[in-house]
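Student: I have the structure open and want to go through it with you. Can we start with how far to trust it?
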Amino acid sequence: MTAVAIELLAAGGLLLAQQTVAPSTEPVARPRGEDRNGYNVQHSFETGYRFRGVGGNVPQYQSDVNFSSGARLLSSSLAVHSKEGQGRLFDQISLETQGLGNDPYQAASVRLEKNRFYRYDMVWRLQDYVNPAFAISGGAHAFATVRRSQDHDFTLFPQSGFRLFAGLSRNRQAGPALNTVQLFDSRGDEFPPAGNVRRAQNDYRLGLEVRLLGMKFTALRTWEKFTEEWPLELGPSTGFNRDDESTLGSFRRAEPYEGSTPGWRFHLFGERGRWFAANARFAYSAGRRNFRFEEAAVGTDRFGRGRNRQIVAAGNGRRPVSSGAVSLNLFPSPRLTVVNHSALHHVRMEGDNSYAEINNATAGLALLQFRFLGLRSIVNTSDANYRPLKWLGLYSGYHYSTRRIRSREQLGAGPSAELIAAGQDNRIHAGLAGIRMQPADRLSIHVDAEVGRASRPFFPISERDYHTLGVRAQYKTKTVLMAASTRAANNTNSVSLSAHGARSRVYAVDASWTASTRFAIDSAYSKTHLDTLSGIAYFAAGRQIATDQSLYVSNVHAGHLGARVGLGKRADLYAGYSRVEDAGDGRNALAVPPPGRRPGSALPLFRIAQTFPLAYESPLARFSLLVRAKLRWNIGYQFYRYREDFLPSQNYRAHTGFTSVVWSF
Amino acid sequence: MAFAGVRWLLLLLPGSLWAADYVGNNVCKTCHPDVWLNFYRNPHYKSIAAGALPPERTGCEGCHGPGGTHVEARGGKSNILAFSVIEPQAVLDACLACHARDIPRSNIRRSSHTQAGVACTSCHSIHKSPAPKSLLARKQADLCYGCHATVRAAFSMPGKHRVNEGFMSCTDCHNPHGAASPPWRMGLRPRMADTALGNEESCLKCHTDKRGPFVFEHPAVRVDGCEVCHAPHGSMNTRLLKRPVTATLCLECHNGAGSFGRQGDGVKAQSPSHNMADPRYRNCTTCHVRIHGSNADALFLR
């Protein structure tokens with residue numbers, strides 16, 4: 001493959017996905033790096049300034065995009081490679097960063113490796129996330145948290161038949177959060193207490209791998225620790241609902257929560273000659289969490305009477321999980337592969353909770369509650385892959401799964417406490433088939449289908465009688481990619497008094513052309529239609545409605561167009577446009593569709609919400625100038641527009657952009 | 001043993017190749033200097049740096065087979081294992097000769113990618129990878145979007161996981177080489193979704209607070225997984241939900257219809273204290289705040 005072809009591929013790769021405008025993707029050159037003391041060193045960094053201006057609903061912008069103004073190290077990379085693979089302390093150092101400074105999405109990864117002796121990988125990430133919640137619920141459950149995670153993995157003797165592993169993963173989430181609490185009875189008002197949420201998880205790993213007698217055995221011991229604190233407080237409040245007379249004088253809640261999940265993982269792989277391979281895995285974890293819950297609230301109820309409520313609860317939850325799988329691979333001929341896969345998954349979820357409530361309405365309440373939920377599923381799949389001709393491939397499969405769900409529940413305390421036990425079984429049989437064809441040198445066509453039948457699915461919306469059919473055609477050369485695909489899926493899950501039907505149709509076309517290193521264009525369009533009709537039951541104005549229907553209609557049109565043009569020998573211009581629109585059921589205003597026009601709920605409030613028209617678009621442009629051989633200057637602009645037809649108070653427009661320099665050596 | 005696969009592949013080629021001689025890397029780089037020039041950056045260079053491996057397990061001929069016939073013929077793709085012309089199955093067999101015994105690839109033979117004829121070289125560029133890791137032919141999301149157009153559309157929606165922003169990648173949740181049967185739903189689908197923390201749904205790798213265990217688990221989460229309520233790639237609805245308002249999302253399961261649920265008598269319907277004609281009751285999670293699982297209340301109220 002020539003260097004020119006590689007350049008073409010790289011340029012094409014730059015075009016495929018609509019990325020954020022920064023960091024830039026235009027290469028400074030093809031740096032060969034510098035040779036020093038037997039190592040080759042490549043280094044580049046992009047630093048610059050982001051700016052933004054938002055009009056409209058800023059919290060919604062923060063939830064969707066969240067870039068802000070300021071100086072950034074937009075990206076950087078360092079690669080050090082030993083030229084002979086015989087470095088003294090290391091043979092490879094690789095470092096990549098993105099968004100350091102104050103971007104909402106920051107990441108860094110490191111690889112440090114010495115051939116045959118050790119390998120160390122690290123990934124660090126930070127996400128600054130704002131969740132403004134639903135406007136329709138008065139802004140309940142808002143979050144503005146920062147999540148930091150890091151994964152460290154160390155392997156000793158990575159290329160030998162005996163390897164040792166050690167790893168550590170840390171996950172931290174912290175920041176202010178708004179919750180809701182309903183007081184003082186089941187029809188009382190909702191109040192919004194706030195507090196700082198702090199969550200921390202550490203996961204430690206230690207393991208080994210041994211290769212012996214043609215088999216490879218891996219064992220890994222894990223320990224996970226988790227803690228959460230989310231104290232909540234609220235002073236005097238009248239609640240969300242103005243027509244409710246409930247008031248709150250003070251509210252305080254503490255619910256510390258901690259626990260651990262020790263576990264084991266085993267894996268075995270064996271291969272015999274050229275016709276047989278087998279592998280097996282087993283994982284076990286025994287999660288346990290302890291908690292304590294304290295709450296105190298003082299106020300007046302919806303009838304204006306003084307109320308106070310104190311709750312103390314404590315207990316623990318336990319969940320041992322076992323899962324295992326065995327795969328047998330047979331290769332009777334070079335053109336035929338048969339794989340049988342069996343898996344077992346077993347979960348026991350149980351926990352008890354001693355609950356004490358004292359309030360001046362009930363004069364005290366004490367409960368011991370226990371709940372058990374057990375799941376056991378067994379899966380067996382057989383797949384055959386056969387290629388009778390060079391241009392023709394066939395595959396088929398039969399997948400069977402059975403699941404047993406058991407439940408026990410105790411509500412109350414003492415010998416008279418009610419104990420409810422139940423169990424049920426689900427089964428599903430599915431058949432798959434597919435054809436791969438290559439009628440011409442660069443053209444491939446793939447057709448696949450699946451039909452499934454389930455008995456006693458767990459939920460009214462689960463798959464019961466379903467089938468899917470998909471077709472994809474692709475023409476691909478080194479410079480041109482054209483593809484078209486369609487997929488249809490249907491599911492029906494009906495029993496007496498309840499019917500659920502879901503239907504989706506997907507159509508997609510893609511085309512990209514990398515004409516030269518100076519020009520490339522990429523485009524894509526897809527339409528996804530989804531409609532579901534489900535039986536629902538509820539109470540309205542004191543009357544039970546048991547035979548209503550919920551209709552949901554979505555028609556998502558998504559398009560993308562991007563082009564990269566070389567302007568002379570030094571400048572590049574990239575322009576792209578991305579738009580996603582849910583046309584819903586055709587309405588463009590918050591209106592109640594007339595009953596009888598199509599199926600749906602009898603309740604106007606549900607008919608309004610059976611569709612949700614929304615458009616989201618983002619054009620961007622980036623200009624990049626090669627100032628010197630190893631220095632590039634970039635400037636870019638990206639616009640975001642969010643438009644809801646039903647709730648225009650959530651709409652926003654955002655102007656974002658950046659200017660930066662990239663330096664590499 | 002490991003290279004039996006490559007030897008076996010050679011049977012598909014002309015008979016002379018099977019008996020051909022190994023010539024060594026120094027001969028290969030005479031005609032392929034562009035490949036050799038940066039090969040020290042390639043993870044496969046480790047086999048050369050190791051120094052003591054037999055010729056069929058190191059360098060160019062470790063993957064491409066013996067080059068004697070190729071050299072005698074002064075080049076050509078028919079007399080050597082040329083990955084650009086062999087069938088996807090043959091590419092898979094060649095790569096798995098070494099890579100099969102890694103845990104993440106142990107299900108590759110039954111993966112949807114293999115069934116669809118997606119070979120290793122569809123995503124990996126062994127000699128000219130621009131990616132710093134895994135020898136990917138392009139940036140990872142670009143590779144996946146190339147075939148999965150609707151997934152690409154989902155990540156362009158306002159509510160989405162931050163893949164286009166470069167914060168996370170497809171392989172944070174998926175195993176493109178094939179995953180074991182997932183321990184949620186009915187063990188059949190999703191087929192390429194990886195497990196996290198040994199035997200949990202991949203969402204819980206980051207969303208640690210949803211893992212539990214809780215005294216009162218929401219069975220929907222444990223039985224059929226997070227995607228019962230959420231569209232994990234992206235959604236036009238807030239919080240990646242499958243419906244624009246929570247009331248319809250909840251009521252579609254909580255309708256009390258027989259044969260469903262833990263006790264086979266229906267997923268519990270709402271109580272008469274709710275009045276759906278009043279808008280305040282339409283946002284279920286305002287009161288049922290711990291909907292992913294609670295320790296203090298069986299109805300997830302606290």
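Student: Over which residues between 14 and 19 of chain B, and under what value, does pLDDT stay low, and how many contacts beyond four places in sequence does the model have there?
Tutor: This is a predicted model. Over residues 14-19 of chain B, pLDDT stays under 50, and the model has 9 contacts beyond four places in sequence for them. Residues 1-8 of chain B also stay under 50, with 18 such contacts.

Student: Where in chain B is confidence lowest, and where highest?
Tutor: Helix 2 (residues 15-18) of chain B is lowest, at a mean of 46, and strand 5 (residues 234-235) of chain B is highest, at 93. Where pLDDT is low, the predicted coordinates should not be read in detail.

Student: What about chain B as a whole?
Tutor: Its mean pLDDT is 85, with 93% of residues at 70 or more. The model scores 0.91 for both ipTM and pTM.

Student: Changing topic: which domains does chain B have?
Tutor: The domain assignment gives domain 1 (1-129) and domain 2 (212-294). Their C-alpha centres lie 52 Å apart.

Student: And the largest nonpolar core, which residues have the most contacts inside it?
Tutor: F459(A), A220(B), A247(B), C250(B) and C253(B), in a core of 31 residues. Elements supplying at least two residues each include strand 18 (336-359) of chain A and helix 13 (219-224) of chain B. Helix 14 of chain B gives the most, with 4 residues.

Student: What does A247(B) touch further along the sequence?
Tutor: Leaving out residues up to four places away, A247(B) touches M276(B), R282(B) and C284(B). Apart from that core lies another, of 29 residues, including F612(A) and C123(B).

Methods: Residues are numbered from 1 along each chain as its sequence is written. Chains are lettered from A and ligands numbered from 1 in the order in which they are written. This is a predicted model: local features need pLDDT of at least 70, side-chain atom pairs count only at pLDDT 80 or more; totals for chains, interfaces and linings use all residues. Domain bounds come from an automatic or database domain assignment. A nonpolar core is a set of buried Ala, Val, Leu, Ile, Met, Phe, Trp, Tyr and Cys residues joined through C-beta atoms within 7 Å. A residue is buried if 20 or more other C-beta atoms lie within 10 Å of its own, exposed if 12 or fewer, and partly exposed in between; C-beta atoms are placed from the backbone. Two residues are in contact if their C-beta atoms, placed from the backbone, lie within 7 Å. pLDDT is the predictor's confidence in each residue, from 0 to 100.
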